[in-house]
Amino acid sequence: MELTHLILDNNSFETKQNNFNKNTNDKKVYIETFGCQMNYSDTEIVLSVLSDFGYNETDDVKSSDVILLNTCSIRENAENKVFKRLDELKKYKKLNPNIILGVLGCMAERLRNELLIKKKMVDLIVGPDEYRKVPHLIDNLIETGEKGIAVKLSRVETYDDITPVRKKGVTAWISIMRGCDKFCTFCVVPFTRGRERSRNFKNIIDEAVRLSDEGVRDIWLLGQNVNSYRFAEKDFADLLNDVAVAVPDVRIRYTTSHPYDLSMKLLEVMAKHSNICNYIHLPIQSGSDRILKEMNRLYSVEQYMQVMKKSREMMPSVGLSTDIISCFPSETEDDHRMTLDVIREVRYDGAYTFAYSRRENTKAYYLEDIIDEETKKRRLDEIITLQRKISVEINQNLIGKIMPVLIESLSKKSDEYFMGRTDCNKSVIIPKEHSYVNDSGELTHKKSFSIGDFVNIEIIKVNSATLFGVPVL
Ligand code: 5AD
Ligand code: SF4
């Protein structure tokens, strides 16, 4: 595979962080992102490209010159959300016909013709490998009135030389590879995001070090299948190891993995470094070997279970989560029961569960769907209910335990609380300020905390998705 070898300009990172939104030019871009973290990371790349051409980001859609939607195609309902949003945005175009409306990402790649014909108000359609062209397409549109369309997929584009414009915070994403060569029979990603390619090893390490120097405390290494990262002789385990060594004060996580490529070497690296999160998200999709074969997943349930077992042996407190697709065409009641059995056996901390969605271009598109709607609903409900019960049981066992938590942000529900995460990726809600009392119940002192602090937290209450705790000395 051909790879890009562009060297990141050491100074450009800071410049970009500092200059974005300080451009004197008055062009304003409003951007909404849908879908996975890769898309959020791509939005940071688009903002970087636009910033070089004098654009400032705005949160106010009404006052923007350019509205961009960075879209997701993974399931039909993800696309429906974007179509609904496009219809809502029509009103801004009516109020100000000069506003430019663009669709970026997977839907641009997949639905360019439909968008051109049905959504006539869309002016720009740009696929995931063509973001460098966005400013030129806008200029050309303004000069000539021609719609801007760029949807070629690339075998080499990794945006390695582009410094993403990140929102200030303790968490940062580093995209390490793009695309996917696995061709699971249900999935559009290989068609919308193209073939696998990896970023330069050293550039990723340098980016992690710069982020650490700027105060980032939590780095996610991102890719459609990080375990197939390759750069020269180096694989993902080498990369994770070297990032962990380079930024010892930063917590490192990664997503997402394919079981076929998850190596023992990777588990050893995870077990060796205390700053790599004790957390593995490993999509199983189905508990039936027959269905896994139909899905072209390249592993058996037994092989998958071996990885789970090894992970727990090597990291006893590891957090485990998965993705499950319910009702893939031809799934029988027995296949469904096997999926429930796997959930019971692994006892995942959490699972993302999806109803199968039929996607054009994929192999599974041509399989006959014989499962009735009532059965589909019941099977998905059974999976969700079982997983929720297990998650609550696992979390209840944590009550009274003391766990180090990295404070990431304000709680979504109250300004009085922070949201943080444990080493095994569980969300914890904690008070912003805590009064400490001695054994006789007398107040000894008060302490307030800040985003970015690591705090020891005693868990006092739980539900299936969240822990609640108080700081301990
Ligand atoms: N239908 C339902 N779920 C899907 N996923 C991917 N494609 C489909 C589809 N066609 C799910 C898989 C994958 C996750 C990102 O999305 O579980 O792991
Ligand atoms: Fe899609 Fe399979 Fe690639 Fe994941 S590994 S992105 S499910 S094709």
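Visitor: Which residues of helix α14 are met by Glu333, His336, Thr339, Leu340, Ile343 and Arg344 in α13?

Guide: Contact here means heavy atoms within 4.5 Å, and those residues of α13 meet Thr375, Arg378, Arg379, Glu382, Ile383, Leu386, Gln387 and Ile390 in α14. This is a predicted model, in which local features need pLDDT of at least 70, side-chain atom pairs count only at pLDDT 80 or more, and totals for chains, interfaces and linings use all residues, while side-chain values use heavy atoms, without hydrogens and water. Residues are numbered from 1 along each chain as its sequence is written, with chains lettered from A and ligands numbered from 1 in the order in which they are written.

Visitor: How do α13 and α14 pack, parallel or antiparallel?

Guide: Helices (H or I, at least four residues) and strands (E, at least two) are DSSP runs numbered from the N terminus, and axes are lines fitted to C-alpha atoms, for helices over the stretch in contact, with angles from 0 to 180 degrees between N-to-C directions. The axes of α13 (residues 333–346) and α14 (residues 373–396) are 10 Å apart at an angle of about 10 degrees. Angles under 35 degrees count as roughly parallel, over 145 as roughly antiparallel, 65 to 115 as roughly perpendicular and the rest as oblique, and α13 and α14 are therefore roughly parallel.

Visitor: Which residues surround ligand 1?

Guide: A residue is near a molecule if one of its heavy atoms lies within 4 Å of it, and the residues surrounding ligand 1 include Ile74, Arg75, Phe186, Asp323, Ser357 and Arg359. Strands β15 (319–326) and β16 (350–355) each supply at least two residues of this shell.

Visitor: Where do polar atoms of the protein approach ligand 1?

Guide: A polar contact is a pair of N or O atoms within 3.5 Å. An oxygen atom of ligand 1 is 2.9 Å from a side-chain N or O atom of Arg75, whereas nitrogen atoms of the ligand lie 3.0 Å from a backbone N or O atom of Phe186 and 2.8 Å from a polar backbone atom of Ser357.

Visitor: What is unusual about Thr256 and Cys327 in the backbone?

Guide: Most residues other than glycine have a negative phi, and most peptide bonds are trans. Here a cis peptide bond, with omega about 5 degrees, joins Thr255 and Thr256, and Thr256 sits in the loop between β13 (251–255) and α10 (264–272). Cys327, although not a glycine, has a positive phi of about 65 degrees, and its place is the loop between β15 and α13.

Key:
Polar contact = N/O pair within 3.5 Å; in protein donor to acceptor, adjacent residues only side chain to side chain.
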